[in-house]
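Me: I have a structure open and would like to go through a few of its labels with you. Could you explain the reasoning behind each one?

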Amino acid sequence: MELQYNSPVILTFFLLSMLVLLADGWTNGWSTMNLFCVYRSSWRDPLGYIRLFGHVLGHANWEHFLNNMLLLLVVGPPMEEKYGSIPLLKGILFTALVTGVLQCILFPNTGLLGASGIVFMLIMLSSLAGSKNGGIPITFILVGVLYLSQQVYSIFFIQDNVANFMHIVGGICGTAFGFAVRKR
């Protein structure tokens with residue numbers, strides 16, 4: 001038996017995220033703060049453009065990394081197999097850009113990092129995967145209602161450093177991506 005790099009986009013995302021977390025330790029947090037955490041800055045700052053996409057690779061600590069990567073590695077490969085590597089990469093980049101820009105506009109005094117928006121994009125995308133003949137799967141409705149309810153509840157009743165709004169945005173991006181790809 002040989003090892004297979006069965007899901008190139010998802011596995012590369014995982015490896016890059018792990019390298020970013022290791023670099024965070026090696027640079028005493030400089031690399032994460034300056035390259036992999038998005039926050040409002042001058043549009044003349046070239047690193048700002050890297051952060052708009054790179055924030056999805058940054059994580060606060062090993063627990064944050066493991067929580068995101070476990071779900072990414074479970075949900076991502078079947079989605080990459082179903083939709084293809086290039087379309088999935090485009091969906092990830094689109095979600096990273098949308099969440100990065102919205103973070104800068106709506107929450108100018110806080111930073112955002114982590115793959116949660118990407119994970120929730122994949123979760124919503126996977127709930128659409130079983131649709132037949134253009135119908136709307138009941139699993140999609142159930143996942144959407146449960147997921148949205150949990151995130152809204154967390155926004156109003158749980159005080160933590162979790163970007164629940166960006167989770168919702170990631171889910172919306174996954175839904176939009178799923179319907180767009182399905183129509184093709």
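Me: Which residues line the largest cavity?

Reply: Happy to help! The lining of the largest cavity consists of Val38, Tyr39, Ser41, Ser42, Trp43, Asp45, Gly48, Tyr49, Leu52 and Cys104. They count as lining because each has an atom within 4 Å of a cavity point. One caution: this is a predicted model, where local features need pLDDT of at least 70, side-chain atom pairs count only at pLDDT 80 or more, and totals for chains, interfaces and linings use all residues. Residues are numbered from 1 along each chain as its sequence is written, and side-chain values use heavy atoms, without hydrogens and water.

Me: What makes up the lining of the largest cavity by class?

Reply: There are 6 nonpolar, 3 polar and 1 charged residues. Gly counts as polar here, while Tyr, Trp and Cys count as nonpolar and Asp as charged. Helix α3 (residues 46–54) contributes the most, with 3 residues.

Me: Why is Cys37 not called part of a disulfide?

Reply: A disulfide here is a pair of cysteine sulfur atoms within 2.5 Å. The closest cysteine sulfur to that of Cys37 is in Cys104, 9.7 Å away, so the two are too far apart for a bond. For Cys173, the closest is also in Cys104, at 15 Å, again too far. The count by this rule is 0 disulfides.

Me: How do you know whether Cys173 is buried or exposed?

Reply: Buried means under 20% relative accessible area, exposed over 50%, and partly exposed in between (1.4 Å probe, protein chains only). Cys173 has 5%, so it is buried. Cys37, at 7%, is buried too.

Me: And what makes Asn28 exposed?

Reply: Its relative accessibility is 74%, so Asn28 counts as exposed.

Definitions and conventions. 1 Å grid on protein atoms, 1.4 Å probe; cavity = no way out; pocket = protein on both sides within 12 Å on 5 of 7 lines; lining within 4 Å. Helix = DSSP H or I, 4+ residues; strand = E, 2+ residues; numbered from the N terminus.
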